[in-house]
Amino acid sequence: MRRASLLSAAVLLLCTACSGGPDNDSGESAEKAVDHGAAVRAAIEKTSADSARVDEKIELRSADSPATYVFTIAGAFDLAGDRGRLTVEFEDSGMDPVEEVFVGDTVYVRGSRAVDGSEWASAVRSEAQTRYFLRAPLNDPEHLLRQVKAMRQVSNEGEEQVNDAPAVHYRGTIDHATATLGMTAETKQGLDDLREKLGDDMPVYADVWVDGKGRAVQARLSCFGGVKAMTTMTLSDFGTPVKAEAPAPEQVVPVPAGEDVLLA
């Protein structure tokens, strides 16, 4: 629980310190005048019609500590069929990994502190919320894709290597409504207050890398300043088979998404 409290404090500090992205001289180029949002949206739509291996890393660092809190999420997900199986770990926390199985609008969780270790908790996917900045409710990969699909002021940052293959890197920003999508009322209110003080949206950057087949092979949301909040999801092995079946009903205990730090 102490770890969860520290993480909450870190995220609050993140929200007060996000002031800009990394230096990027390409911001002055004429290329920036062109909106490449259509290419990003097409890539997200194509990716969302397939299955893939998912590898995600969430990094949070507070302004007053050198420590970086790191979550890793890995598994296979059928984005078209809304089914997937993920393993979630909180590095150096002493907490056991959590296993998540997505089946339609239900997410089954084994290892949650909300139930006995031998049982599965179940939560309603469409009702889940997150208490943390740049975290998807229940670590849902489709939530992140939904957010980056709404990126604006999109620019082409050139070609880079992702999954050992060339991919075009697109960069933009997301607005306040997109950045706070799926947040609890309490967390969103804090961000609303901060936005009012700033007089504008917080600078949250969105990046998408598109491969030669027009698929989004990597997506990232980030906010930088004296602190850091960054979520990066890499997609590979497209078309991979996904085994995601609901556990037996007698093994399932329905619960809200709750306070479990591993479930956002």
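## Exercises on a sheet, two helices and a cavity

**Exercise 1.** In which sense do strand β1 and strand β11 pair, and over how many bridges?

*Solution.* In this predicted model, strand β1 covers residues 51–61 and strand β11 covers residues 228–236, and the two pair in the antiparallel sense over 9 bridges. To place one of the pairings on the structure, start from K57, whose bridge partner in β11 is T232.

**Exercise 2.** Find the order of the strands in the open sheet, and name its edge strands.

*Solution.* The sheet is made of 12 strands, which follow the order β7-β8-β9-β10-β11-β1-β2-β3-β4-β5-β6-β12 with mixed pairing. At its edges stand β7 (152–162) and β12 (252–254), each of which pairs on one side only. Neighbouring strands of this sheet are turned against each other by 20 degrees on average, direction ignored.

**Exercise 3.** Determine which strands helix α2 and helix α3 touch or lie across, and at what angle each runs to β10.

*Solution.* Take helix α2 (residues 37–47) to begin with: it packs on the sheet, where it touches β7, β8, β9, β10 and β11, and its direction makes about 120 degrees with that of β10. Turn then to helix α3 (residues 141–149), which lies across β2, β3, β8, β9, β10 and β11 and runs at about 75 degrees to β10.

**Exercise 4.** Which residues line the largest cavity, and which elements give two or more of them?

*Solution.* The structure holds 1 cavity of 30 Å³ or more, and the largest cavity contains about 50 Å³ of space. Its lining consists of E56, I58, L134, R135, A136, L144, Q147, L221 and T231. The elements that give two or more residues to this lining are β1 and α3. Sorted by character, the lining residues divide into 5 nonpolar, 2 polar and 2 charged.

Definitions and conventions. Residues are numbered from 1 along each chain as its sequence is written. This is a predicted model: local features need pLDDT of at least 70, side-chain atom pairs count only at pLDDT 80 or more; totals for chains, interfaces and linings use all residues. Side-chain values use heavy atoms; hydrogens and water are left out. Two strands pair if DSSP finds at least two bridges between them. Helices (H or I, at least four residues) and strands (E, at least two) are DSSP runs, numbered from the N terminus. Axes are lines fitted to C-alpha atoms, for helices over the stretch in contact, and angles run from 0 to 180 degrees between N-to-C directions. Contact means heavy atoms within 4.5 Å. On a 1 Å grid over the protein atoms alone, a cavity is a set of points where a 1.4 Å probe fits but cannot get out, and a pocket is an open set with protein on both sides within 12 Å along at least five of seven lines; lining residues have an atom within 4 Å of a point. Grid points are joined across faces, edges and corners, and a volume is the space filled by probe spheres set on the points. Ala, Val, Leu, Ile, Met, Phe, Trp, Tyr, Cys and Pro count as nonpolar, Asp, Glu, Lys and Arg as charged, and the others, Gly among them, as polar.
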